[in-house]
There are 2 protein chains.
Amino acid sequence: MRVSRILGSMDEDFLRLDNQICFSLHAATRAFNGVYRGALKELGLTYPQYLVMLVLWEHGELPVKGIGERLRLDSGTLSPLLKRLEAAGYVERRRSPEDERSVTVRLTGDGTALREKALGVPRRIAAATGLDLAELGELRERLHALAARLDGVDPDDVTAACG
Amino acid sequence: MRVSRILGSMDEDFLRLDNQICFSLHAATRAFNGVYRGALKELGLTYPQYLVMLVLWEHGELPVKGIGERLRLDSGTLSPLLKRLEAAGYVERRRSPEDERSVTVRLTGDGTALREKALGVPRRIAAATGLDLAELGELRERLHALAARLDGVDPDDVTAACG
DNA sequence: CACGATTAAGTTGTGCACAACTTAATCGTG
DNA sequence: CACGATTAAGTTGTGCACAACTTAATCGTG
């Protein structure tokens, strides 16, 4: 079978490999999510909420749009998420006085204080991966490049055949 | 700042890097999902539905549990997904006669025929990544190893401090 | 300046992921 | 064999991701 490989079987080979990389990615993301779930339970945050808090810890206050640009999320995802963070007492949302369309998200005292409790999280996660800093950095770089390339793809081009 | 790095700032460094790898993973998965969405639109499948179909195209018929083991999904995710595939006419679900607890999922004629239309999908996705087979294979291997390691982590261990 | 175009948030609806639970069947040990 | 334990699906409820849409404010060009 391997010897008499013909052109027509290429698609089946591609399918197998490609399937596995996408599946691996899917599985790795869910596995990471599971580990984060454990680490973030005591903070009362989900993983996406944690990402938003990271952005706010770094930038202090940001409009919803700014958070969305940094995390590649739209208002359909962020609006309810931010309301939950507000209900939890970690952020405040206020309409911007300069531009009434914009809503500024700001850390509360509790939200700022939460950073201390979150400080230990990444080290635990990194330890759980069993990879050292260099390996993590390399993998991150690859994934970043991959995502950037995929984000630049016109969806309609994927439906067309590729030479 | 880089020169006078002290132990206490390690967590902040870790946080930055680790944040980025998890975020990269998150972003890459969503980017992949977006590309698949385009490619699978004409088949009328979502990406998780496509994964289930791949498993069935390979194994013919399987109990729900068997599908769940291969894709690491539980019945809470699979039951409604399989009902949607059944409503679309691609699979049949039947209680197993040997074990009335088990439900066997089987491809219909339409479901089997759909494979032909799906055959070109992976090549398009692979092309969109801009990586060659060797690079895709290596990345897949890394992600697979990472997921396996993370799946083996006891959630309660992550909440505890790591030496 | 007026008015169509654009922009920022938010809403609605669908589907996935998962925790916690229920139901029904089967297993296994005394 | 009987009965508690286990197993397989399914249900319920929460949260995220995203498409398609609405609402309200601002922009920009004639």
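This is a dialogue about reading a predicted model of two protein chains and two DNA strands.

Colleague: What should I know before I start?

Modeller: It's a predicted model, so local features need pLDDT of at least 70 and side-chain atom pairs count only at pLDDT 80 or more, while totals for chains, interfaces and linings use all residues. Residues are numbered from 1 along each chain as its sequence is written, chains are lettered from A and ligands numbered from 1 in the order in which they are written, and side-chain values use heavy atoms, with hydrogens and water left out.

Colleague: Let's begin with one chain. How many helices and strands does chain A have?

Modeller: Helices (H or I, at least four residues) and strands (E, at least two) are DSSP runs, numbered from the N terminus. Chain A has 8 helices and 3 strands, and along the sequence they run α-α-β-α-α-β-β-α-α-α-α.

Colleague: And how much of chain A is buried?

Modeller: Buried means under 20% relative accessible area, exposed over 50%, and partly exposed in between, with a 1.4 Å probe and protein chains only. Of the 163 residues in chain A, 45% are buried. For contacts, think heavy atoms within 4.5 Å. Take the chain A contacts between residues at least 6 apart in sequence: 50% of them join residues at least 24 apart.

Colleague: Can we try that on one residue? Is A:T108 buried or exposed?

Modeller: Buried, because its relative accessibility is 15%. A:T108 sits in the loop between strand 3 (103-107) and helix 5 (109-118) of chain A. Setting aside neighbours within four places in sequence, A:T108 is in contact with A:G89, A:Y90, A:V91 and A:E92. There's a polar contact to look at as well. That term means a pair of N or O atoms within 3.5 Å; within protein, one must be able to donate a hydrogen and the other to accept it, and residues adjacent in sequence count only if both atoms are side-chain atoms. Here the A:T108 side chain reaches the backbone nitrogen of A:D110 at 3.4 Å.

Colleague: Which backbone oxygens does the side chain of B:R95 reach?

Modeller: Those of B:E100, at 2.9 Å, and B:R101, at 3.0 Å. B:R95 belongs to strand 2 of chain B. Not counting residues up to four places away in sequence, B:R95 touches B:E100, B:R101, B:S102 and B:V103. As for B:V105, it's 10 residues from B:R95 in sequence and 8.9 Å away in space, C-alpha to C-alpha.

Colleague: On to the two chains together. How do I read their interface?

Modeller: Start with buried area, the accessible area (1.4 Å probe) that two parts lose on being put together, summed over both. Chain A and chain B bury about 6,900 Å² between them, with 70% of that on carbon and sulfur atoms. The contact involves 66 residues from chain A and 66 residues from chain B. Between the chains there are 11 residue pairs in polar contact, both residues at pLDDT 80 or more. On the side of chain A that touches chain B, helix 1 of chain A gives the largest share, 24 residues. By class, that side has 40 nonpolar, 11 polar and 15 charged residues. Ala, Val, Leu, Ile, Met, Phe, Trp, Tyr, Cys and Pro count as nonpolar, Asp, Glu, Lys and Arg as charged, and the others, Gly among them, as polar.

Colleague: How many salt bridges are there between chain A and chain B?

Modeller: A salt bridge is a side-chain nitrogen of Lys or Arg within 4 Å of a carboxyl oxygen of Asp or Glu. The count between these chains is 2. One of them pairs B:E138 with A:R142, and the closest N and O atoms are 3.7 Å apart.

Colleague: Now the DNA. Which residues are closest to DNA strand C?

Modeller: A residue is near a strand if one of its heavy atoms lies within 4 Å of it. Around DNA strand C there are 27 residues, the closest being A:H26, A:K65, A:S75, A:K83 and B:R84. Of the strand C atoms that come within 4 Å of the protein, 80% are sugar and phosphate. The side chain of A:H26 has an N or O atom 2.6 Å from a phosphate oxygen of DNA strand C, and a polar side-chain atom of A:S79 is 2.9 Å from a phosphate oxygen of that strand.

Colleague: What about DNA strand D: which part of it does B:S75 approach?

Modeller: A base nitrogen, 2.5 Å from an N or O atom in the B:S75 side chain. B:K65 uses a polar backbone atom, 2.8 Å from a phosphate oxygen of DNA strand D. By class, the surface near this strand has 6 nonpolar, 9 polar and 12 charged residues.
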